[in-house]
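Student: I am new to this structure and would like to look closely at a single part of it before I try to take in the rest. Please choose one helix, go through its surroundings carefully, and then connect that part to the chain as a whole.

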Amino acid sequence: MSAFPACLVVDDETDIRELLVLTLERMDIRADSASSLSEAMHLLKKGQYGLCLTDMRLPDGSGLDLVNRIAQDYPGLPVAVITAYGSAENAVSALKAGAFDYLTKPISLKQLRPLVQSALKLSAADKANASEDTGALKLIGNSPAIQHVRSMIEKLSRSQAPVYISGESGSGKELAARLIHQHSSRRDGPFIAVNCGAIPENLMESEFFGHKKGAFTGAIQDKEGMFHAAKGGTLFLDEVADLPLAMQVKLLRAIQEKKVRMVGGTQEESVDVRIISATHKNLSVLMERGEFRQDLYYRLNVIELKLPALRDMPEDIPMLVDALLAKQCREQNRPIPTLSPEASHMLARHSFPGNVRELENVLERALALCDGNTITVDDLLLDQDASAHAPSARSAPEDEGLPLPDYLEHIEKTAILNALEKTQHNKTAAAKLLGVSFRTFRYRLSKLGLSKDTD
Ligand SMILES: Nc1ncnc2c1ncn2[C@@H]1O[C@H](COP(=O)(O)OP(=O)(O)OP(=O)(O)O)[C@@H](O)[C@H]1O
């Protein structure tokens, strides 16, 4: 038998119980079984388990009761619930209550194997966790807001539930998603990040699910999609609000059924992928406007992780400045300059609408401009950003001597060029900074005749 601690199977139907125990034993995992909530609690007290599988309906309670009891008394133990086919609500409530994952009836070995393997890795990761450094990625800051994010990341790493990360542009949503992945049982699997706003609409289905040779003109061979690439790992859907409605329906199906079908394919294929999504837009407002499907919203937003804006945790700015400067100097192989007291003060007071990304950019620019030893207020170029480039919001068209349409165009051009400058001409980042999708950004660039200047 394997070194993996036993699994506890809880189901009141003898046939299912026996089938599960046999299947687990075939996977080299010892299994005990219980037919009720009380019997399960009794066995949990006596034994050491590495995973619990429970049916939703038990004679003396529900699977959810068991999930709650385990979360309270045995917080390290992953529990997966078994739900009837198509009962998405049950699966979602179980995940919200802290279940590690769910299985839908009829249970197949294909479903069970990755789940058990994930649970196994989670136990192993747990043991290694305390001492191990999980690489260079780190969420810097000590404010209560960041500490809360850190503890949420730790909790979310222990689950397979879809996570929806909200927060302003540049506030660290992708960083948080990577950290969840790195601390989870999936950490040896891939982390695939997709910017939903940057994929042309006509290629979207094939990019997500792959295509078969001949499915459309140009499909010269079978090609796997991003769901395949993320198998056994995490798929991070950034800017999920930019998904067109037709694609939202297909994504919902894939998440619900844990299966995908290639464009031009006839067969569905199981994919074991954890979804983490993010956007800086307000998804619930988009949902109310009918621009984002409600069912997909509830499916993605099983657990929400909110990232604070940098202006809401100004006490973290000095620590971030030190750490980011040290990192950039390490990368550039140069000594770390000091900051003049005025420069430190100015950074601590700045509102950073572009959050930590903006701070990174300000510091990078300051490093390039400073004399090598000291970063001064002048090297930060903070005031110049606010005043020199953009016309003042209060100045009226007539002050600029322009008719209204030209004046508006002028403002838009200025805002776009400023955003491009701030992001070192990274169009994806500039679009995010301005709060528009990549598609809209590209369209505006060409409309305003800026495409060539910015390539
Ligand atoms: N608390 C933090 N500690 C260290 N680095 C951070 C922190 N928050 C953000 N960063 C860094 O700031 C940059 C922007 O973060 P990230 O790309 O994760 O933001 P985002 O919220 O996903 O942005 P967008 O909405 O534009 O996609 C990254 O380089 C990231 O590593």
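**Helix 2 and its surroundings**

Tutor: On the other side of helix 2 from its buried residues, His 42, Lys 45 and Lys 46 are exposed. Please keep in mind throughout that this is a predicted model. The buried residues of helix 2, which runs over residues 37-46, are Leu 37, Ala 40 and Leu 44. These three lie on the same side of helix 2, because the arc they cover around the axis is only 60°. The spacing fits a general rule: an α-helix has 3.6 residues a turn, so residues three or four places apart point the same way.

What, then, covers the buried residues of helix 2? The cover includes strand 1 (6-10), strand 2 (31-34) and strand 3 (49-55), together with strand 4 (57-58), strand 5 (61-62) and helix 3 (63-73).

Among these elements, strand 3 deserves a closer look, since Asp 55 lies in it. UniProt, in an unreviewed entry, places the feature "modified residue: 4-aspartylphosphate" at Asp 55. Asp 55 counts as buried because it has 23 C-beta neighbours inside 10 Å, where 20 or more are needed. If neighbours within four places in sequence are left aside, the contacts of Asp 55 are Val 10, Asp 11, Asp 12, Gly 63 and Ile 82.

Helix 1 (residues 14-26) offers a small check on geometry. Its 13 residues, at 1.5 Å a residue, should span 18 Å, and because the C-alpha atoms at its ends are 18 Å apart, the two values agree. Just after helix 1, Asp 28 takes a positive phi of about 75°.

From here we can step back to the chain, which has 22 helices and 16 strands. Of its 455 residues, 37% are buried. Among contacts with a separation of 6 or more, 70% are between residues 24 or more positions apart.

The largest nonpolar core has 81 residues, and those with the most contacts inside it are Val 79 and Phe 227. Helix 5, covering residues 109-129, gives the most to this core, with 5 residues. At least three residues of this core come from each of domain 1 (6-129) and domain 2 (144-306). Phe 227, not counting residues up to four places away in sequence, touches Phe 208, Phe 209, Leu 235, Ala 254, Val 260, Val 271 and Val 273. There is also a second, separate core of 16 residues, which includes Ile 317, Phe 352, Val 356 and Ala 366.

Two further residues show how positions far along the chain are brought beside each other in space. Pro 244 lies in the loop between strand 10 (234-238) and helix 10 (245-257), and because 13 other C-beta atoms lie within 10 Å, Pro 244 is partly exposed. Its C-alpha atom is separated by 9.2 Å from that of Met 204, although the two residues are 40 residues apart along the chain. Thr 338, found in strand 15 (residues 338-339), is exposed, because it has 12 other C-beta atoms within 10 Å. The C-alpha atoms of Thr 338 and Ile 375 are separated by 6.2 Å, with their positions 37 residues apart along the chain. Apart from neighbours within four places in sequence, Thr 338 is in contact with Asn 373 and Thr 374.

Note on methods
Residues are numbered from 1 along each chain as its sequence is written. This is a predicted model: local features need pLDDT of at least 70, side-chain atom pairs count only at pLDDT 80 or more; totals for chains, interfaces and linings use all residues. A nonpolar core is a set of buried Ala, Val, Leu, Ile, Met, Phe, Trp, Tyr and Cys residues joined through C-beta atoms within 7 Å. Helices (H or I, at least four residues) and strands (E, at least two) are DSSP runs, numbered from the N terminus. Domain bounds come from an automatic or database domain assignment. Two residues are in contact if their C-beta atoms, placed from the backbone, lie within 7 Å. The arc is that of the directions from the helix axis to the C-beta atoms. UniProt positions are given in the numbering used here, feature names are shortened, and annotations may be inferred rather than shown by experiment. The expected span of a helix is 1.5 Å times one less than its number of residues.
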